[in-house]
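Reader: I have a model open and want to learn how to read it. Where do we begin?

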There are 2 protein chains.
Amino acid sequence: MAAWRRLVAVVELLPGVLDGQLRRDAQLTHFDYHVLAVLSEAPHRVLRMTDLAARTNATLPRLSHVVRRLEERGLVERAPCPSDGRATNARLTEAGWAKVRETAPGHVATVREHVVDALTQEQVTQLAGIADALLRRLDPDGRLTGALDRAGPG
Amino acid sequence: MAAWRRLVAVVELLPGVLDGQLRRDAQLTHFDYHVLAVLSEAPHRVLRMTDLAARTNATLPRLSHVVRRLEERGLVERAPCPSDGRATNARLTEAGWAKVRETAPGHVATVREHVVDALTQEQVTQLAGIADALLRRLDPDGRLTGALDRAGPG
DNA sequence: CCAGATCACTTGTACCTACAAGTGAGGACT
DNA sequence: AGTCCTCACTTGTAGGTACAAGTGATCTGG
């Protein structure tokens, strides 16, 4: 079978595995977890909704709903941005920060089990290069990979 | 950044690209398309719901809803299985077969553009091996890759 | 300083998927 | 035959996402 059909199959299956583990172990969608994780790595654990949406590949309506639900669970807080009255800042609460810390190991272990351990060391290296090349097409601005921080013109 | 985080990013982005193209050009979910495509490759373009579910990584309720909607659009037909009164056979109609033929080229072109063309020939070869290794973990029975046909005990 | 355009969200509606419960056919055991 | 159990779906309900419309705040031109 062609390489791309196998890749499509992987892309079909892997999200279900990751999502399932997080739902079972942390009552969190994979996307919920991603939101919390990105916030946890931001300075002061605060980001504007627009920035958070860009870094998580979410539309603004989607992020708005998700953050509202996370806020109802006490994992995130929203506050109007002091410098721009239109903007909203999302901040990870202590409970949210604790949630990330207790959830991350299991998530990483799942990825390790289903991805890293399935490959040889050489394949992992190859995968890094392949995923890198794909991301240059799928995510030219590097929004998901943190390239935003060090992005410059040209 | 670690290889696995890039892979997760790819897995996050690629479905959206594939789904979007099919929704725009054919008013079809990527999963809808997958269902039609699998049916189109089956003998007589007929499969039992259970088999179809296994080959598309779907739960039976999900498939039931999807096939009902495809039937309402005239792309698929359902009929009770003659040999087993409990089972239902899903058959691709002429309209469904035409839909697959007119949709496939655009879909393949999208995959080519975003995946194959982004990689070197060597990377495509490497990808085949990597995806193969991952599928042995994610899909041990080879349900999605057609290994069912030639599967035997032990 | 005031009207219009733009921006940053939020809210509402429709669709899709997951989980749970229900229906009816087929097989096992007596 | 009759009962119990399992199988193969179908249906109903809840939750998440997409698209469209609405609400204020900010910028721009006069």
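Reader: How far is a phosphate oxygen of DNA strand D from an N or O atom in the side chain of A:R69?

Author: Keep in mind that this is a predicted model. A pair of N or O atoms within 3.5 Å is read as a polar contact. In the case of A:R69, the distance to a phosphate oxygen of DNA strand D is 3.3 Å.

Reader: Which part of DNA strand D lies 2.9 Å from a polar side-chain atom of B:S64?

Author: A phosphate oxygen. For B:R86, the partner is a sugar or linking oxygen of DNA strand D, at 3.3 Å from a polar side-chain atom.

Reader: Of the atoms of DNA strand D within 4 Å of the protein, what share belongs to sugar or phosphate?

Author: 72%, with the rest belonging to bases. On the protein side, 21 residues surround the strand, and A:R62, A:G85, B:T50, B:S64 and B:T88 are the closest. By character, eight are charged, seven polar and six nonpolar.

Reader: Which helix gives the most to the surface near DNA strand D?

Author: Helix 4 of chain A, with five residues. Helix 3 (49–55) and helix 4 (60–72) of chain B also supply at least two residues each.

Reader: How are chains A and B related?

Author: Ask what motion lays one copy on the other. Here a rotation of 180°, with 0.0 Å of shift along its axis, superposes chain B on chain A at an RMSD of 0.0 Å. The copies are therefore related as by a two-fold rotation axis. In chain B, the C-alpha of B:V11 is nearest that axis, at 2.6 Å.

Reader: Through what do the copies meet?

Author: Through the same surface, because 100% of the interface residues of chain B are also interface residues in chain A.

Methods
Residues are numbered from 1 along each chain as its sequence is written. Chains are lettered from A and ligands numbered from 1 in the order in which they are written. This is a predicted model: local features need pLDDT of at least 70, side-chain atom pairs count only at pLDDT 80 or more; totals for chains, interfaces and linings use all residues. Side-chain values use heavy atoms; hydrogens and water are left out. Copies are superposed by least squares on the C-alpha atoms of residues with pLDDT of at least 70 in both. Contact means heavy atoms within 4.5 Å. A residue is near a molecule or strand if one of its heavy atoms lies within 4 Å of it. A polar contact is a pair of N or O atoms within 3.5 Å; within protein, one must be able to donate a hydrogen and the other to accept it, and residues adjacent in sequence count only if both atoms are side-chain atoms. Helices (H or I, at least four residues) and strands (E, at least two) are DSSP runs, numbered from the N terminus. Ala, Val, Leu, Ile, Met, Phe, Trp, Tyr, Cys and Pro count as nonpolar, Asp, Glu, Lys and Arg as charged, and the others, Gly among them, as polar.
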